[in-house]
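Open the structure in your viewer and keep the selection tool at hand. The tour goes from one stop to the next, with a short note at each.

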Amino acid sequence: MKLRLGRGIIALAAVIAIGVSTYDYFSTATGLQRTGGVVLTGIAGVLMLAAAFGLMVRARGALATTLRVLILLDIIGTAVAGYFLESGCLMVAMLVALLGWGLSLCAGRGEGK
Amino acid sequence: MRKLHSAALAALLALPSAAGAQGDNPVWDSFGGNAGAQKFSPATQITPQNVGKLKVAWSIHTGDGIHTRTNWGATPLFVNNTVYVATPTYRLYAVEPDTGKTKWVFTAKNAGAPGGYKSRGASYWQAANPQPGQPCQKILYFGVHGTLNAVDADTGKACEGFGNHGVLNVEQWNTVNRVWPISLTQPPTVAGDTLVIGYSGVDWQYKVATPGWVWGVDARTGKLKWTFNSIPKDMLNQTGTANVWASMSYDPKSGLVYLPVSSPSPNYYGAARLKEMPLVTSVTALHADTGAVAWSRQLVHHDIWDLDTNSAATLVDIHKGGHVIPALVQATKQGFLFVLNRLTGAPVYPIEERHYPASDVPGEKASPTQPYVPVPAPTVPDRTPAISPLADLISFGSCSKRLAELRDDGRFTPPSVRGSVAFPGTVGGVEWGGGAVDPRSQTYVVNSSLVVETYTLIPRAEYNALVKKEGKAKAGSAQAGSPYAFKIDYLLNKWGMPCWTPPYGTLSSYDLKTGKLLWRKPFGQVQKWGFYMPESWGSPTIGAPVITAGGLIFIGASMDSRVRAIDLKTGKVLWKHLVEAPANSTPAVYTYKGKQYVVFAAGGNPILTPRTSDQLVAFALPD
């Protein structure tokens with residue numbers, strides 16, 4: 001249950017990151033229109049979403065561990081990018097993703113036992 | 001009471017504008033706010049206490065945004081109870097001051113092929129006693145390539161009696177050493193009933209080029225009254241330019257107009273122009289009715305750095321030692337603030353002649369001394385900033401290696417074949433916006449960039465080979481006719497990060513009564529790929545501040561697309577707001593129907609960052 005919730009939260013956060021990045025890229029109201037930074041966070045969001053789906057397919061083993069590490073790096077990187085882009089939404093989304101990642105990690109360990 | 005206070009301040013403190021006041025509403029009728037380029041508003045409604053509540057009152061798009069390379073440095077004008085602004089695609093907008101609703105749009109018929117899509121706005125003149133019902137008693141002027149358009153401010157129709165059906169062909173006077181057509185990017189300066197017209201050119205392409213003409217024409221008809229040229233006749237076969245491409249200021253009391261005269265061609269190699277030319281790279285005062293020189297002060301001797309005098313002198317009366325000195329402050333690319341008596345050119349604060357290094361390029365003789373202004377303290381330090389450890393580290397030492405290859409003797413290091421450090425370089429220092437002054441306290445505020453450039457002279461044969469290999473655009477500036485071409489670069493690492501330690505831009509405040517620096521703060525934020533750098537780094541700036549009697553500074557100018565309000569006393573940022581592109585222009589401040597507005601042309605400038613827009617946006621306190 002926790003595992004599913006964790007993966008779901010990560011996927012949701014990734015979708016939010018993609019949405020925010022897309023909006024930032026096209027809107028003239030954000031100061032980020034057509035910038036490489038939001039392209040980067042958008043791609044990071046897509047990768048995070050893919051990794052979250054990967055965890056749904058394979059919850060245990062080396063691949064799952066690798067995906068969890070990659071998701072953590074993605075969360076940290078996107079949060080840092082969000083900080084320098086001065087995008088509060090991105091940072092909040094990554095905080096949510098981190099929560100999901102923590103849940104997924106706990107659940108993964110539990111299932112491992 | 002507040003209105004009365006504003007009107008009284010306008011009448012007592014600010015220099016007269018071309019149009020005077022309109023009821024209780026002081027006008028903002030020229031590039032520098034008023035004739036003296038003070039950029040000061042007597043408005044007091046917006047204060048440090050309530051500026052945090054400032055909201056967008058209206059915002060419009062002029063339609064110029066479809067072009068990605070526009071360069072919009074226009075100061076919006078508020079006069080005739082209307083806001084006027086000229087745009088980079090050669091249109092003139094008249095809008096309601098409180099709603100932004102368009103009254104009329106004038107489109108220049110002679111726009112022709114796209115030029116640089118560049119505009120620094122329009123200027124305004126009105127007859128001393130406008131006759132009701134008669135056309136063109138109030139006229140707006142703006143440049144289109146080498147022509148000047150005159151438009152009736154009431155109706156938006158061309159003034160038929162000006163030039164040829166409202167278009168004055170200024171290019172017709174570009175007859176000596178014409179190697180390119182002139183461009184009237186900067187609107188003319190209105191000096192009584194005379195329009196004083198300078199031009200923009202390209203002084204790095206040819207050794208001999210169009211000389212520094214300035215024309216005085218009749219404001220009603222466009223008829224030529226006088227011509228000024230900064231270059232001695234016997235030097236016309238060796239050089240050119242030394243033109244006036246920036247705005248000018250005017251003192252109605254003395255009738256003097258102050259010209260920021262730029263550097264001669266070719267910019268960076270002067271072996272053929274060693275003879276003294278006292279009017280080039282100077283501030284020169286002319287009698288506006290005759291064009292005769294009243295006085296002139298050279299600010300760089302034998303300029304081989306492109307250190308154009310690039311902004312209008314700010315006129316202010318300084319109360320000092322029990323006397324009132326009619327003064328001007330001429331800010332420069334070097335970051336110097338020349339404070340001079342505007343009637344005589346005599347320095348108010350001492351100007352030193354300091355020794356600087358010799359050139360090592362054959363034929364070139366750099367001036368052994370240059371004017372140096374210790375007070376007020378320069379906006380730019382004398383030594384090149386240290387290499388940034390971060391920039392050096394992430395580029396594996398490329399910054400240090402590059403610096404070691406270059407010649408760096410501090411200020412006025414002559415250009416060289418091996419490459420020289422230029423700090424401040426051709427972008428300044430202080431750019432074409434210049435500073436603002438509060439005439440009540442004689443507080444002067446100015447933004448300044450701290451940018452390290454490299455200047456490299458390229459022997460002609462080597463340049464020709466480069467052109468064949470890489471094309472003209474990459475090879476550098478030709479300086480055709482001289483033995484050296486030239487290349488200018490920013491000192492950046494391989495990732496595009498500046499190699500020098502921040503700040504990259506500052507805002508400074510001075511007390512002109514004593515010459516003392518009151519405060520200096522990093523200003524603005526660099527934004528690269530969308531990422532904002534720390535505020536302590538500041539940003540290079542293009543555009544200028546304005547001061548209000550309410551105790552605030554309003555300024556765009558930075559690389560990030562934000563406009564800011566700053567406490568005049570402390571330099572603290574009290575309010576900032578995102579606009580659609582950097583507001584690389586000078587804002588206008590006005591009061592209309594009892595409400596104070598601050599309006600910015602947020603158009604961007606590709607020199608700073610690629611983002612451009614066509615947004616004209618006004619801010620006011622909510623009802």
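Which side chains meet in a salt bridge, N to O at 2.6 Å? Select B:R562 and A:E86: their side chains form this salt bridge, a term for a side-chain nitrogen of Lys or Arg within 4 Å of a carboxyl oxygen of Asp or Glu. The rule finds one salt bridge across the interface of chain B and chain A.

Before going on, note that this is a predicted model, in which local features need pLDDT of at least 70 and side-chain atom pairs count only at pLDDT 80 or more, while totals for chains, interfaces and linings use all residues. Residues are numbered from 1 along each chain as its sequence is written, chains are lettered from A and ligands numbered from 1 in the order in which they are written, and side-chain values use heavy atoms, with hydrogens and water left out.

**The interface**

Next, select the residues in contact (heavy atoms within 4.5 Å): chain B gives 10 residues and chain A gives 14 residues. The area buried between the two chains is about 1000 Å², with 53% from carbon and sulfur atoms; buried area is the accessible area (1.4 Å probe) that two parts lose on being put together, summed over both. Now pick B:F531, B:Y532 and B:R611, which lose the most area to chain A in chain B, together 49% of what that side buries.

**The disulfides**

Move to the cysteines. A disulfide is a covalent bond between the sulfur atoms of two cysteines; here the rule is a pair of cysteine sulfur atoms within 2.5 Å. Over all chains, the count is two disulfides.

Select B:C136 and B:C159, joined with S to S at 2.0 Å. B:C136 is in the loop between β11 (123-126) and β12 (138-144) of chain B, and B:C159 is in the loop between β13 (147-152) and β14 (167-169), 23 residues apart. Strands are DSSP runs (E, at least two residues), as helices are (H or I, at least four), numbered from the N terminus. B:C136 is buried at 15% relative accessible area, and B:C159 is buried at 2%; buried means under 20%, exposed over 50% and partly exposed in between (1.4 Å probe, protein chains only).

Last, select B:C399 and B:C499, joined with S to S at 2.1 Å. B:C399 lies in helix α3 (residues 398-405) and B:C499 in the loop between β32 (484-490) and β33 (505-511) of chain B, so the disulfide ties together parts 100 residues apart in sequence. The torsion about the S-S bond is about -75 degrees, so this disulfide is left-handed. B:C399 is buried at 0%, and B:C499 is buried at 1%.
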